[in-house]
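Here's a walk through one structure, with an eye on its ligand and its charged side chains. Have the sequence and the 3D view open as you read.

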Amino acid sequence: MSSFNGSAPLLEALDVSKIFTRLTGDLTVLDDLNFALHEKQAVAVMGASGSGKSTLLNLLGSLDYPTSGRFLYRGEDLDFSKRSVVDHWRSRRIGFVFQNHMLLPDFTAMENLLLPARRLGPITPEVRQRAESFMETIGLIDRATHLPGELSGGEQQRIAVARAFINEPAIVLADEPFGNLDREIGGRLGEMLFGLRDSEGTSLVIVTHDPRLARKADTILELVQGKLNPIEA
Ligand SMILES: Nc1ncnc2c1ncn2[C@@H]1O[C@H](COP(=O)(O)OP(=O)(O)O)[C@@H](O)[C@H]1O
Ligand SMILES: [Mg+2]
């Protein structure tokens, strides 16, 4: 796990623990976990419900902070105490796909696709061109002006997948992205996600219960008792 194509790690978790403090007592979800993600590597994370997969993804994307341990991006510590620095890092480097598409209902498909880009500044002609090309890739160019409510669940999630790539992120994090869709549509969206990852050269961490989807990844890991273990494909 420490080497992939002989490259240095892009994102590393070092002895990361996450403990939730609750009235009923502390809950250790991640326990001195170590992980390295390399450039262009796709990692599938499996594991029982409640094992901490979403917690891990949230930490990798700096949406939450660890109780202890470090995260290194290209060898440099992410300083979780510097909120604006971490927010900017996340906007630039990370794309997210959640189980629920999280599209804004009053914005068109195209506007939703462009949302992460707006966070970085005005939309340039280049970015708009990129978004249109993504709309072609996902087969929704003629639906660009539709609202999410006018699209099927699979179509909504196609927008959500493309949106994760709009800012040319280094890493896309996908948390059970097709868990709400039927097998066949989920399978097609899996092809699309891995296709974008290949053409964009993005690293990917995908949480999934679907072995077919997991097998598309370069590495399959299982989260068990707060740690990541390799499992056979
Ligand atoms: N903010 C929180 N406060 C307290 N407990 C939490 C919080 N978030 C998650 N948990 C608990 O941590 C455990 C792991 O949750 P989660 O990461 O969502 O698991 P998974 O995604 O693998 O199903 C669960 O027992 C969950 O109830
Ligand atoms: Mg989860």
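Which helices and strands each supply at least two residues of the shell around ligand 1? They are β1 (9–22), β2 (25–38) and α1 (53–60). Keep in mind that what you're looking at is a predicted model.

**Around the ligand**

Of the elements in that shell, α1 gives the largest share, with three residues. The full list of residues surrounding ligand 1 runs F20, R22, L27, V29, A48, S49, G50, S51, G52, K53, S54 and T55. By character, that shell divides into four nonpolar, six polar and two charged residues.

Polar atoms of K53, S54 and T55 come up against oxygen atoms of the ligand, though not in the same way. For K53, a side-chain N or O atom is 2.8 Å from an oxygen atom of ligand 1. With S54 the backbone does the job: one of its N or O atoms lies 2.9 Å from a ligand oxygen. T55 goes back to using its side chain, with a polar atom 2.6 Å from an oxygen of ligand 1. As for cover, ligand 1 taken alone exposes 560 Å², and the protein buries 62% of that.

**A buried acid next door**

S54 also leads us to D175, since the side chains of these two residues are joined by a polar contact of 2.6 Å. D175 sits in strand β7 (residues 171–175). What about a salt bridge for this residue? D175 is buried yet has none. The nearest side chain of opposite charge belongs to K53, and that one is 6.8 Å away. A salt bridge needs a nitrogen-to-oxygen distance within 4 Å.

**Salt bridges**

Now for the charged pairs. In general, side chains of opposite charge can pair when their charged atoms come close. Searching the whole structure turns up 14 salt bridges, including these:

| Pair | N to O distance |
|---|---|
| K82 and D79 | 3.5 Å |
| R188 and E184 | 3.4 Å |
| E191 and K216 | 2.8 Å |

Start with K82 and D79. Both partners are partly exposed: K82 has a relative accessibility of 48%, and D79 has a relative accessible area of 33%.

Next comes R188 with E184. Both lie in helix α6, four residues apart, or about one turn of the helix. E184 counts as exposed, because its relative accessibility is 56%, and the cut-off for that label is over 50%.

What does the pair E191 and K216 tie together? E191 lies in helix α6, while K216 is in the loop between α7 (211–214) and β9 (219–224), so this salt bridge links parts that are 25 residues apart in sequence. K216 itself counts as partly exposed at 30% relative accessibility.

Not every salt bridge stands as a simple pair: R83, D87 and R90 are linked in a network.

**One more look at α6**

Helix α6 spans residues 183–200, and I185 is found in it. Is I185 buried, exposed or partly exposed? It's partly exposed, with a relative accessible area of 28%. The C-alpha atoms of I185 and G154 are separated by 6.5 Å, although the two residues are 31 residues apart along the chain.

Conventions:
Residues numbered from 1 in each chain as written. Chains lettered and ligands numbered in written order. Predicted model: local features only at pLDDT ≥ 70, side-chain atom pairs only at ≥ 80, totals over all residues. Heavy atoms only, no water. Buried < 20%, exposed > 50% of the residue type's maximum accessible area, 1.4 Å probe, protein only. Near = heavy atom within 4 Å. Polar contact = N/O pair within 3.5 Å; in protein donor to acceptor, adjacent residues only side chain to side chain. Areas by Shrake-Rupley, 256 points an atom, 1.4 Å probe, with all protein chains shown as cover. Nonpolar A, V, L, I, M, F, W, Y, C, P; charged D, E, K, R; others polar. Lys, Arg positive; Asp, Glu negative; His and termini not counted.
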